[in-house]
Amino acid sequence: MNIVDQFLRNNYILAICEDAICKKSFTLNLSHFKMSEVPDLVEKCEILLKLFLNRNHLTRIPSFICKFTSLQILTLDYNQLNEFPLELCQLISLKSLNISCNSIAKLPREICQLTQLETFWCNNTGLLELPEELGNCDRLETLGARGNLLQTLPVTICRLKRLRWLTLENNRLTTIPDSWGELQNLIHFNLKSNLLTHIPKCLEHLKKLQYVFLNCNCITTYTSEELLKSLTHIRMLNICDNPVCDVPSLQEKLKEHGNILCDSNQHDGLTNDELANEDNVEDAEDEEYQSDWENSVETSDLDSTDSSSVETNLEDISILIPELSRYITNFN
C-alpha cells in the first residue's frame, strides 16, 4: 500500500470513529481495514453494543476495551493475535464472540466470567484444549471449535444445557464423553474428520438431535443394532467415508436404517434444501429444524460472523474527502 492510500485509509478510520462518537453510536464497524492497532479514539465509544474488528492485522487488543461493559458482540476473527486477550474476560455483557483464524492455542480459565455468552466461535486457531471452565458459560447456544488440535474434551461441557449447535469438525478426537448425553437441547453435532472409532453412545440420550456428522472418521466396527435403533430420533446420521462403510455387507445393513447416510453417492444430485425436505414435514417445529439444517450446511466452513464489508457498510470515501481534508497537513 503506498503512502497516499495508507494516509487516506488511516484518516478514513479516524473519521468513522469520530462519527460514532458524535452520534453516540451503538455499533462501530472497523473490519477489513488492515489495521495493525485499534485507534485510541475508540476508547471514547464506551456505549458500544457491537464492535467489529475482524479481518485486520491486529496483534493485540488495547487494555481500554475492558471499559466496554455494555458490549454484546465482538468480532476479532482473521487477525494476528497469538494469545487470547485477557481483557475480553471483563466484558461481562458479551453475548457473541468470534476469535477464529488467529493463533490462539489456549483459552484462559477466566473465560468462565463470560456468563452471558451465547455464541462463541474459535475455529482454526490451533487450540490444544477446551478449558473445564467453559462449562460455566451456561448460556451458550452455539459453539464452534472446528479445525483445531483438540484430542480430548472436558466433561464439564455437559453443563451447557442450552447448547443447540456444536461443531468440532477436523480435530483429533478419539472419544466423546458419555456425560455429553446431558446436552438435551442439542440439534446439530458436527464431528466430521476426527479419529473416532465408534459411534458415540451419548447420542442415544440426545432426543432433540437432528443432524449428526461422523463422516471421515475411523469407525471400523458395526455398531450394535440396539444402539442404532435407539438413534431413530436423529433425522440424518452421516457416517460416510469410514472404514465400516467399505464392507459391502455392513454397508447394506446400515442402509436398512433410513436415517443413516453411509454411502457418499446415496444423495448425489440433491441440494441441501432437498435433503432437508426429504420427509416433507410441515409442522412448525420441523420448520425450525429445517432452518437450522440450512444454517448448519451453509456455515460448515464459517469462520467470520460478520458479513459486512467496507463497500457495503461504510459511506463512499469520496463523500468523506472534505471531512478528511482537515487532517491533511503536508505530504512532503
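This briefing covers model confidence, the nonpolar cores, the ring contacts and two individual residues of the structure above. The model is predicted, and the chain averages a pLDDT of 84. A score of at least 70 is reached by 80% of the residues. The largest nonpolar core has 82 residues, and another core, of five residues, lies apart from it.

**Confidence**

- Residues 268-300 stay under a pLDDT of 50. For this stretch the model has 38 contacts beyond four places in sequence.
- Residues 307-332 also have pLDDT under 50 throughout. Here the model has 35 contacts beyond four places in sequence.

**Nonpolar cores**

- In the largest nonpolar core, the residues with the most contacts inside it are Leu74, Phe120, Trp180 and Leu203.
- At least two residues of this core come from each of helix 1 (3-23), helix 2 (225-229) and helix 3 (248-255). Helix 1 gives the most to the core, with five residues.
- Apart from this core lies another, whose five residues include Tyr211, Phe213, Cys240 and Leu261.

**Trp180 and its surroundings**

- Trp180 has a relative accessible area of 1%, under the 20% cut-off, and is therefore buried.
- Leaving out residues up to four places away in sequence, Trp180 touches Leu153, Pro154, Val155, Ile157 and Cys158. The same list of contacts also holds Leu166, Leu168, Phe189, Cys202 and Leu206.
- Phe189, one of the residues that Trp180 touches, counts as buried at 1% relative accessibility.

**Aromatic pairs**

- The count of aromatic pairs comes to four.
- One of them joins Tyr12 and Phe33 in an edge-to-face arrangement, 5.9 Å centre to centre with 90° between the planes.
- This pair links distant parts of the chain, 21 residues apart. Tyr12 is in helix 1, while Phe33 is in the loop between strand 1 (27-29) and strand 2 (50-52). Both Tyr12 and Phe33 are buried.
- The rings of Trp180 and Phe189 also pair, with centres 6.2 Å apart. Their planes meet at 35°, so this pair is tilted.

**Charges over rings**

- Arg55 places its charged end over the ring of Tyr78, 3.9 Å from the ring centre.
- Lys253 has its charged end over the ring of Tyr222, at 4.4 Å from the ring centre.

**Asn11**

- Asn11 is a residue of helix 1. Its relative accessible area is 8%, so Asn11 is buried.
- A polar atom of the Asn11 side chain lies 2.8 Å from the backbone oxygen of Phe7.

**Cys216**

- Cys216 is in the loop between strand 9 (211-213) and helix 2.
- With 29% relative accessibility, Cys216 counts as partly exposed.
- Not counting residues up to four places away in sequence, Cys216 touches Lys192, Ser193, Asn194, Cys240, Asp241 and Asn242. Of these, Cys240 is among the residues of the five-residue core.
- Cys216 and Leu196 are 20 residues apart along the chain, and their C-alpha atoms are separated by 9.1 Å.

Terms used
Residues numbered from 1 in each chain as written. Heavy atoms only, no water. pLDDT = per-residue confidence, 0-100. Contact = heavy atoms within 4.5 Å. Core = buried A, V, L, I, M, F, W, Y, C linked by side-chain atoms within 4.5 Å. Buried < 20%, exposed > 50% of the residue type's maximum accessible area, 1.4 Å probe, protein only. Helix = DSSP H or I, 4+ residues; strand = E, 2+ residues; numbered from the N terminus. Polar contact = N/O pair within 3.5 Å; in protein donor to acceptor, adjacent residues only side chain to side chain. Phe/Tyr/Trp six-rings, centres within 6.5 Å; stacked < 30°, edge-to-face > 60°. Lys NZ or Arg CZ within 6 Å of the ring centre and 35° of its normal.
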